[in-house]
Amino acid sequence: MSSTDGIAIRVQGAVKRYGNLQALAGVDLDIRQGEFFALLGPNGAGKTTLISALAGLVRLDEGCIQVSGHDVVSDYRAARAALGVVPQELVFDPFFSVREVLRIQSGYFGIRSNDAWIDELLESLDLTSKAGANMRALSGGMKRRVLVAQALVHKPPVIVLDEPTAGVDVELRQTLWKFIRKLNADGHTIVLTTHYLEEAEQLCSRIAMLKSGRVIALDSTQNILRRVSGHALRVRTSNPIALPALFEGRKTRQEGGWLTAVFDRFEEVEPMLAALREAGASVQEVEIIKPDLEQAFVDIMNKA
């Protein structure tokens, strides 16, 4: 397979066992070049094992993985060069400054005179003022920024972010996502794992969900959101009323002066409000609640 077929990452029949535990149970997955892709699942679903196999840190028992057309085992040098991984754990060398760490990382890939790109990374990640600081002196958030810079120092076309915003402040999240969005707009493939599902919903165009080492959902973000039963109309009334006939057979809930009713099409909203008014309701507030990825995630996991 060549990298010209538009596939950035290809996973075929990936199986990995640790004794009696099957961490990956036959994963098949294609991620296209230029995608912003989410890999989601509960703890123990197999996400980290899959990323480790992708990075060459774990050898599969069965199946194969390719990065930009290069097999991660038989063509590992080219596969590593095409991939940048931001790990979940804060791993750093305590003996060097930020700039030295990035220069050393460049050397691992045979890149010399990389200071112009290193300077751009430092500026983009708000690390310029820390360039000469020892890694030990940095806060957790600053260390995570350096991990991102390390993963990008060789300009890989495919970038994997494993829980990149876990435990970091809002400022870093905003800085990071602004930079990552720019990289994606420039053509880089981004693969994100996160427990902050609102991030995946906002950033990613396609999502794979893993459970017990298997892909149980793989679709566009919009299609996955459509699996959740409808939108919901929330109405607060100043007086209690009997529910109009129009609401019979519809999923509803009344609590604390609020009536919540699920609907599928927006043209249903006005007849619902009109029916409430005809029943004598004095409407004070109206909200439309959209289905979110967290709700879809829970539904899909429970059904799997």
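**Buried residues, salt bridges and a helix face**

Biologist: Is Glu 35 buried or exposed?

Modeller: This model is predicted. Glu 35 has a relative accessibility of 7%. The cut-off for buried is under 20%. So Glu 35 counts as buried.

Biologist: Which residue does the side chain of Glu 35 meet in a salt bridge?

Modeller: The closest approach, N to O, is 2.7 Å. A salt bridge needs the two atoms within 4 Å. The partner of Glu 35 is Arg 206.

Biologist: How many residues apart in sequence are the parts that Glu 35 and Arg 206 tie together?

Modeller: Look at where each partner sits. Glu 35 lies in the loop between strand 2 and strand 3 (36-40), and Arg 206 lies in strand 9 (residues 206-211). Arg 206 is buried, with a relative accessible area of 12%. The pair therefore ties together parts whose separation in sequence, in residues, is 171.

Biologist: Which residues are joined into one network by salt bridges that share partners?

Modeller: Sharing partners is what links these salt bridges. The network joins Arg 250, Arg 265, Glu 267 and Glu 268.

Biologist: How many salt bridges does a search of the whole structure find?

Modeller: One of the pairs is Asp 30 with Arg 10, with the closest N and O atoms 2.9 Å apart. Asp 30 lies in strand 2 (residues 21-32) and Arg 10 in strand 1 (residues 7-18), so this pair ties together parts 20 residues apart in sequence. For the whole structure, the search total is 16.

Biologist: Is Arg 10 buried or exposed?

Modeller: Its salt-bridge partner, Asp 30, is partly exposed at 28%. Arg 10 has a relative accessible area of 18%. The limit for buried is under 20%. So Arg 10 is buried.

Biologist: Which residue forms a salt bridge with Arg 17?

Modeller: The closest N and O atoms are 2.9 Å apart. Arg 17 is partly exposed at 37% relative accessible area. The partner lies in strand 4. That partner is Glu 62.

Biologist: Why do the buried residues of helix 10 line one face of the helix?

Modeller: Helix 10 spans residues 293-303, and its buried residues are Leu 293, Ala 296, Phe 297, Ile 300 and Met 301. Seen down the helix axis, these buried residues line one face because they fall within an arc of 125°.

Biologist: Which exposed residues does the opposite face carry, the one turned away from the buried side of helix 10?

Modeller: Exposed means over 50% relative accessible area. The face turned away from the buried side carries Glu 294, Asn 302 and Lys 303.

Biologist: Where is Ser 68, and is this residue buried or exposed?

Modeller: Ser 68 has a positive phi of about 50°, although it is not a glycine. Ser 68 lies in the loop between strand 4 (62-67) and strand 5 (70-71). Its relative accessibility is 11%, so Ser 68 counts as buried.

Biologist: And Ser 113: buried or exposed?

Modeller: Ser 113 also has a positive phi of about 50° without being a glycine. Its place is in the loop between helix 3 (98-108) and helix 4 (115-124). At 80% relative accessibility, Ser 113 counts as exposed.

Biologist: What distance separates the C-alpha atoms of Thr 221 and Ala 38?

Modeller: Thr 221 sits in helix 8 (residues 221-226). Thr 221 is buried at 3% relative accessible area. Along the chain, Thr 221 and Ala 38 are 183 residues apart. Their C-alpha atoms are separated by 9.1 Å.

How values were computed. Residues numbered from 1 in each chain as written. Predicted model: local features only at pLDDT ≥ 70, side-chain atom pairs only at ≥ 80, totals over all residues. Heavy atoms only, no water. Helix = DSSP H or I, 4+ residues; strand = E, 2+ residues; numbered from the N terminus. Buried < 20%, exposed > 50% of the residue type's maximum accessible area, 1.4 Å probe, protein only. Arc of directions from axis to C-beta.
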